[in-house]
Amino acid sequence: MTDMKWTRKDLIGLEDLSADEILFILDTAEEFKKVNERRVKKVPVLRGKTVINFFVEPSTRTRASFELAEQRLSADIVNMSASSSSLSKGETLLDTAKNIEALQVDIIVMRHAASGAHQFLAKNLRCGVINAGDGAHEHPTQGLLDIFTIRQKKKKIKGLNISIIGDILHSRVARSNIYALLKLGANVTIAGPPTLLPKQFEQIGVRVCDNLKDAVENADVVNLLRIQHERQRASYFPSIGEYASVYGINRESIKYVKRDALIMHPGPINRGVELESEFADGDQSVILEQVTNGLAVRMAVLYLVAGCLKTN
Ligand code: CP
């Protein structure tokens with residue numbers, strides 16, 4: 001395990017973290033994975049701490065995973081959504097957050113549609129802020145659980161060829177993966193329709209490909225991203241059918257994927273668009289293992305953040 005001390009009260013994004021910090025979270029998550037394999041899956045490390053889960057955008061996996069992680073760490077939990085909060089009456093995000101903090105909440109786990117919302121709150125609050133997804137910026141715990149799963153399966157990250165396919169432009173998952181994988185020495189390729197493929201990633205060492213075959217044929221990992229209809233304000237490709245046939249993993253394109261490559265997806269899957277069901281559920285898929293590992297990763301993040309709060 002990396003010999004270091006965690007010093008951040010917030011987890012905003014993986015771009016900010018060093019390779020050692022990322023490895024420290026992953027190694028800590030290995031310990032929590034063991035807790036999750038016990039008969040009694042509960043430890044008292046967050047006893048006396050209060051965590052609020054504030055999801056201003058929909059979520060299934062991340063929200064349930066954080067809530068379960070907090071329960072397993074023995075925290076007190078409050079769940080709040082945008083529609084049930086006074087945001088819907090016009091209260092500002094900062095006023096809402098300051099009022100939450102006044103209730104002596106220790107950590108706010110938040111998902112928000114605005115990129116940068118967490119950075120803003122973290123600067124203005126004493127409590128910890130954990131990013132559960134901000135707009136098209138970052139989704140750090142998803143990036144961490146993806147990398148945790150890759151390391152578990154491939155026993156390393158350095159030198160692996162990892163291809164991320166799909167709507168890179170709107171993807172916070174892609175950004176968190178790219179920043180962290182590059183720091184850990186992976187070779188990262190991105191591919192998708194040219195309109196959804198920001199070329200500036202080339203400047204930080206990412207291979208940018210507009211051809212699925214070239215992108216996946218040497219890949220050790222193929223991570224498919226969801227087409228995010230809710231963030232697309234224009235038509236970025238002619239039709240869903242064309243996207244599926246050119247960039248989807250299906251019976252035709254699976255021929256280019258190595259037999260031992262991992263097939264990943266952060267969920268929710270548009271079945272039959274980015275990934276045909278037989279490959280989403282096939283023997284190369286680690287999609288549900290990603291979800292399982294997310295619990296250990298989120299326990300690790302909550303534990304580390306709680307450990308450096310001024311309220312301790
Ligand atoms: N991967 C992910 O963030 O899924 P949810 O939107 O369901 O949380």
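The following legends describe close-up views of aromatic pairs, pockets and a cavity in a predicted model.

**Figure 1. The aromatic pair F32–Y303 joins two helices.** A search of the whole structure finds 3 aromatic pairs. One of them is formed by F32 and Y303, whose rings meet edge-to-face, at 5.4 Å centre to centre and with 65° between the planes. This pair links distant parts of the chain, since F32 belongs to helix α1 (residues 19–36) and Y303 to helix α10 (residues 287–306), with the two positions 271 residues apart. The partners are also described by their accessibility: F32 is buried, at a relative accessible area of 7%, whereas Y303 is partly exposed, at 36%.

**Figure 2. Y243 and Y247 form a tilted aromatic pair within helix α8.** The ring centres of Y243 and Y247 are 5.6 Å apart, and their planes are inclined at 35°. Both residues lie in helix α8 (residues 240–247); because they are 4 residues apart, about one helical turn separates them. Y243 is buried, with a relative accessibility of 2%, and Y247 is likewise buried, with a relative accessible area of 9%. Ring pairs also bring in F237, so that a cluster of F237, Y243 and Y247 results.

**Figure 3. The largest pocket lies between the two domains.** The space in the largest pocket amounts to about 380 Å³. Its lining comprises 20 residues, and those closest to the pocket centre are R111, R172, R226, G267 and P268. Helices α2 (61–72) and α6 (172–183) each contribute at least two residues to this lining. By class, the lining of the largest pocket consists of 5 nonpolar, 8 polar and 7 charged residues. The pocket is placed between domain 1 (19–138 + 292–309) and domain 2 (140–291) because both domains give residues to its lining.

**Figure 4. The second largest pocket draws the largest share of its lining from helix α10****.** The volume of the second largest pocket is about 210 Å³. A total of 15 residues line this pocket, and I269, R271, A280, I287 and L288 lie nearest its centre. Helix α10 supplies 4 residues of the lining. The lining of the second largest pocket includes 8 nonpolar residues, together with 3 polar and 4 charged ones.

**Figure 5. The largest cavity is lined by residues of both domains****.** The count of cavities of 30 Å³ or more comes to 1. The largest cavity has a volume of about 70 Å³. Its lining is made up of R61, T62, Q142, L145, H265, P266, I287, Q290, V291 and R298. Two or more of these residues come from each of the elements α2, α5 (140–154) and α10. Among these elements, α10 provides the largest share, with 4 residues. The lining of the largest cavity divides into 4 nonpolar, 4 polar and 2 charged residues. Because domain 1 (19–138 + 292–309) and domain 2 (140–291) both contribute to this lining, the largest cavity lies between them. I287 appears in the lining of the largest cavity, and I287 is also one of the residues nearest the centre of the second largest pocket.

Technical notes
Residues numbered from 1 in each chain as written. Predicted model: local features only at pLDDT ≥ 70, side-chain atom pairs only at ≥ 80, totals over all residues. Heavy atoms only, no water. Phe/Tyr/Trp six-rings, centres within 6.5 Å; stacked < 30°, edge-to-face > 60°. Buried < 20%, exposed > 50% of the residue type's maximum accessible area, 1.4 Å probe, protein only. 1 Å grid on protein atoms, 1.4 Å probe; cavity = no way out; pocket = protein on both sides within 12 Å on 5 of 7 lines; lining within 4 Å. Points joined across faces, edges and corners; volume = space filled by probe spheres on them. Nonpolar A, V, L, I, M, F, W, Y, C, P; charged D, E, K, R; others polar. Domains from an automatic or database assignment.
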